[in-house]
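Student: I've got a new model open and would like to talk it through. Can you take me around the fold?

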Amino acid sequence: MSAVPRTASLPADTSGAAVPSSRAHDGGLLLLRLALGLAVAAHGAQKLFGWFGGGGIEGTGQFFAMSGYPSGETMAVIAGLSEVLGGLGLAFGVLTPLAGAAVLGTMINAMAVKWGGGFFAPEGVEYELVLAAGAGGLALTGPGRIAVDRFLPLPAHRFGHGVAAVALGAVLAGLVLLIRN
């Protein structure tokens with residue numbers, strides 16, 4: 001056994017601090033994308049198709065109408081598509097900043113609906129807050145190298161793309177909240 005700390009073998013940045021390898025970074029982003037993306041996509045499937053014990057468009061539409069959204073079934077379709085497409089986009093790393101924005105915006109609305117229930121689940125907003133933060137974080141960082149985005153003819157991910165996507169998700173969520181009674 002060596003007495004050398006594990007961080008000694010890591011590359012250093014210009015300040016001399018140890019930084020993780022790009023493989024570790026990419027693997028961590030993949031794990032986060034899969035867990036978060038597939039969980040969100042499953043919630044969208046509940047809304048759209050009634051899978052996994054969900055209410056489908058009709059049942060979810062009734063919930064949206066009771067929560068003050070106009071045209072409950074239309075809102076159920078929008079939320080379901082945002083969750084399914086955004087979640088799968090995150091999981092596979094496809095158009096990651098926009099996928100993150102879709103999930104972030106949906107979770108902002110979910111938090112607004114549940115706001116009076118405190119912080120902790122099941123009535124509180126902790127789950128939605130974690131999903132929103134994860135989606136926003138992935139929009140900012142990008143998908144890593146183990147992602148479909150790497151093979152698309154798109155410009156390389158930049159922090160500015162993530163900031164613009166997070167802003168877009170927040171603004172659209174705010175606009176949807178403005179039409180809620």
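Tutor: Sure, starting with confidence: the chain averages a pLDDT of 90, and 89% of the residues score at least 70; pLDDT is the predictor's confidence in each residue, from 0 to 100. This is a predicted model, with local features needing pLDDT of at least 70, side-chain atom pairs counting only at pLDDT 80 or more, and totals for chains, interfaces and linings using all residues. Residues are numbered from 1 along each chain as its sequence is written, and side-chain values use heavy atoms, with hydrogens and water left out.

Student: Over which residues does pLDDT stay under 50?

Tutor: Look for a stretch with 4 contacts beyond four places in sequence in the model. Contact here means heavy atoms within 4.5 Å. The stretch where pLDDT stays under 50 is residues 1–10.

Student: How many helices and strands does the chain have?

Tutor: From the N terminus on, the elements run α-α-α-α-α-α. Helices (H or I, at least four residues) and strands (E, at least two) are DSSP runs, numbered from the N terminus. The count is 6 helices and 0 strands.

Student: What share of the residues is buried?

Tutor: Buried means under 20% relative accessible area, exposed over 50%, and partly exposed in between (1.4 Å probe, protein chains only). Of the 181 residues in the chain, the buried ones make up 34%.

Student: Which element gives the largest share of the largest nonpolar core?

Tutor: A nonpolar core is a set of buried Ala, Val, Leu, Ile, Met, Phe, Trp, Tyr and Cys residues joined through side-chain atoms within 4.5 Å. The largest one has 14 residues, and Leu36, Leu90 and Val103 have the most contacts inside it. Helix H1 (22–49), helix H4 (96–114) and helix H5 (126–141) are the elements that give two or more residues to this core. The largest share, 5 residues, comes from H4.

Student: Which residues does Leu90 touch, leaving out those up to four places away in sequence?

Tutor: Leu90 is one of the residues with the most contacts inside that core. With residues up to four places away set aside, Leu90 touches Arg33, Leu36, Gly37, Thr96, Ala99, Gly100, Val103, Ala135 and Leu138.

Student: How are H3 and H4 oriented to each other?

Tutor: Two packed helices are described by the angle between their axes and the distance between the axes. Here the axes come within 8 Å and cross at roughly 140 degrees, with axes being lines fitted to C-alpha atoms, for helices over the stretch in contact, and angles running from 0 to 180 degrees between N-to-C directions. Angles under 35 degrees count as roughly parallel, over 145 as roughly antiparallel, 65 to 115 as roughly perpendicular and the rest as oblique. So H3 and H4 are oblique.

Student: And how are H2 and H3 oriented?

Tutor: The axes of H2 and H3 come within 7 Å and cross at roughly 110 degrees. The residues making the contact include Phe64 of H2 and Met75 of H3. H2 and H3 are therefore roughly perpendicular.

Student: Is Ser67 buried or exposed?

Tutor: Ser67 sits in the loop between helix H2 (56–66) and helix H3 (72–92). Leaving aside neighbours within four places in sequence, Ser67 is in contact with Val113 and Arg180. Since its relative accessible area is 12%, Ser67 is buried.

Student: What is the C-alpha separation of Asp149 and Val94?

Tutor: Asp149 is in the loop between H5 and helix H6 (159–178), and is buried because its relative accessible area is 14%. Beyond four places in sequence, its contacts include Gly93, Val94 and Leu95. Although Asp149 and Val94 are 55 residues apart along the chain, their C-alpha atoms are separated by 5.1 Å.

Student: What is the phi of Leu95?

Tutor: Leu95 lies in the loop between H3 and H4. With a relative accessible area of 40%, Leu95 is partly exposed. Although Leu95 is not a glycine, its phi is positive, about 50 degrees.

Student: Which residues does a cis peptide bond join?

Tutor: Look in the loop between H4 and H5, where Pro122 is found. Omega is about 10 degrees for the cis bond joining Ala121 and Pro122.
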